[in-house]
Amino acid sequence: MKDLLGFRPKRSARQALEVVRKACNNKGYYVVDADIEKFFDNVNQDKLMKLAEQGISDRRILKLIRQWLVSGVLYGNVLTISELGTSQGSVISPLLANIYLNTLDRLWEKYGLTHGILVRYADDTVIICKNKKNANHALNLLQYIMAKLDLKLHPVKTKIVSMWDGKEGFDFLGMHHRRMTTETSKGQLYKETYQYPSRKAMKKMKAEIKKNVNDRSLLVAKEEDLIKNLNPKIIGWKNYYSTKTNETWMQELDWYIICTFTRWYNKKHQRCKHMSRVGFVRNSIYEKGLKKMARA
C-alpha cells in the first residue's frame, strides 16, 4: 500500500482549517469559495485510472481501483453501472478524490501561488487571496484546471467572498469563517477570523441530539442510558468544532441539549408544560455525567 501514500490528504481536516484561519488573518481579505459541480458524478474514470497509474506501480492496487469503479451503485434492488463518476460516501471516496484532484494541487503549486493559497480537503476547496484582482485571477485559473479534468465549478455556489468588513463569510469543512471585531483585555479592538459551526453543521448536530434523546421510542429509557449514548457524540463534536472563537455557539448547543432533555423528562412524566423543571433537569443530567460542548 506504499504507493497510495502519495495520494493521502496532505493534512487533516483540522489542520486544513488552521491553514485557512491563519491565511485569512494574514491579509487574506478575499476568498474563492469553490464548489465543484457534482464532483463524484462527473469524475472521468479513464482519466482517473491514468492519474492513478502515474503514482501507483502495484498492478494489484490498480486492478482493485478499476473493479471499484465498475462495480456500480445499488439503489434499492436496482444496480446502476456508469462509465462516469465514482460512488460517494464510500470508504474509498476521499482517496479517489485525492488521486483525481492531485493534478489541481500540482498545477496550483506551479502556476497559482502568486494568486492565493489553495486549501483542499478531498473535493472541498477554497483559495485565500489578498485582493480582489488576485481572487479573479485565481478563479479563472481554477476554472481552467477544472476544464482539464472534465469538471465544472457550480455557477451559483462558487463565489468570491469579501472578508474585509465582516459582512460576508464562507463555509469550509463544516465551519463558517467570518472576520469579526475582537476586544483585548486592555480594551483595544482588532479584526480576526472567527471559526464556528456552520448553519448546516448546527442543524445536523441538533437533529442528532433530538434523535438520541427526545424520540418517542426513548420515553422508556433511563436518563443515564441517554447520557451514555450521547456523550461520545458530544466529545467527538467538541474535539472537532472547538476553537477559541466559538464559545457562543458551543453554549447554544449545550442549552439545546438541556432543553431537549427537559422535553423528554416532561413527556416521560406526562407533564403538560414541556419546559417545566428545566433547572432540575439541567442539574440532574450534569450530576449524572453529561459532557458539555462549551469550555468549563
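**Two antiparallel sheets and their helical packing in a predicted model**

Helix 1 lies across strand 7, strand 8 and strand 9, and its course makes an angle of about 155 degrees with strand 9. The model described here is predicted, and its protein chain contains 10 helices and nine strands. Of the 296 residues in the protein chain, 44% are buried. Among the contacts with a separation of 6 or more, 66% link residues that are 24 or more positions apart.

The three strands crossed by helix 1 form an open sheet in the order 7-8-9, with antiparallel pairing. Strand 7 and strand 9 occupy the edges and have a single partner strand each, so one side of each is left without a neighbour in the sheet. On average, and with direction ignored, neighbouring strands of this sheet are turned by 35 degrees against each other. The pairing of strand 7 with strand 8 (residues 175-183) is antiparallel and extends over four bridges; within strand 8, Arg178 is the bridge partner of Gly169.

A further open sheet is built from four strands in the order 4-5-1-6, again with antiparallel pairing. Here the edges are taken by strand 4 (117-121) and strand 6 (159-162), each of which has a single partner strand, so one side of each is left without a neighbour in the sheet. Neighbouring strands of this sheet are turned by 20 degrees against each other on average, direction ignored. Helix 1 (residues 13-25) packs on this sheet as well, where it touches strand 1, strand 4 and strand 5 (124-129), and its direction makes about 160 degrees with that of strand 4. Helix 6 (residues 132-148) lies across strand 1, strand 5 and strand 6, and runs at about 20 degrees to strand 1.

Within the four-strand sheet, strand 1 (residues 30-34) runs antiparallel to strand 6 and is joined to it by four bridges. In this pairing, Tyr30 has Ser162 of strand 6 as its bridge partner, and Val31 has Val161 of strand 6. Strand 1 is also joined to strand 5, by five bridges and in the antiparallel sense; Asp33 is partnered by Val126 of strand 5, while Ala34 is partnered by Thr125 of strand 5. Four of the five residues of strand 1 are buried, and the strand is thus mostly covered. Strand 5 is likewise largely enclosed by the rest of the structure, because five of its six residues are buried. The pairing of strand 4 with strand 5 is antiparallel and comprises five bridges, with Ile128 of strand 5 as the bridge partner of Ile117. These two strands form a hairpin with two residues between them, and Ala122 in the turn has a positive phi of about 55 degrees.

In soluble globular proteins, nonpolar side chains tend to be buried together. The largest nonpolar core of the model has 43 residues, and those with the most contacts inside it are Phe170, Phe172 and Phe261. Two or more residues are given to this core by each of helix 1, strand 5, strand 7 (169-172), strand 9 (189-197), helix 7 (199-213), helix 8 (223-241), helix 9 and helix 10. Helix 9 gives the most, with eight residues. When residues up to four places away in sequence are not counted, Phe261 touches Val213, Glu223, Leu226, Ile227, Leu230, Val281, Ile285 and Leu290. A second, separate core of 38 residues includes Met49, Leu51, Leu95 and Ile99.

Phe261 also takes part in the packing of two helices, considered next. Helix 9 (residues 247-268) and helix 10 (residues 278-287) pack at an angle of about 110 degrees, and their axes are 9 Å apart. The two helices are therefore roughly perpendicular to each other. On the side of helix 9 the contact is made by Asp254, Trp255, Ile258, Phe261, Thr262 and Tyr265, and on the side of helix 10 by Val278, Phe280, Val281, Arg282, Ile285 and Tyr286. The residues of this contact divide into nine nonpolar, one polar and two charged.

Conventions
Residues are numbered from 1 along each chain as its sequence is written. This is a predicted model: local features need pLDDT of at least 70, side-chain atom pairs count only at pLDDT 80 or more; totals for chains, interfaces and linings use all residues. Side-chain values use heavy atoms; hydrogens and water are left out. Two strands pair if DSSP finds at least two bridges between them. Axes are lines fitted to C-alpha atoms, for helices over the stretch in contact, and angles run from 0 to 180 degrees between N-to-C directions. Contact means heavy atoms within 4.5 Å. Angles under 35 degrees count as roughly parallel, over 145 as roughly antiparallel, 65 to 115 as roughly perpendicular and the rest as oblique. Ala, Val, Leu, Ile, Met, Phe, Trp, Tyr, Cys and Pro count as nonpolar, Asp, Glu, Lys and Arg as charged, and the others, Gly among them, as polar. Buried means under 20% relative accessible area, exposed over 50%, partly exposed in between (1.4 Å probe, protein chains only). A nonpolar core is a set of buried Ala, Val, Leu, Ile, Met, Phe, Trp, Tyr and Cys residues joined through side-chain atoms within 4.5 Å.
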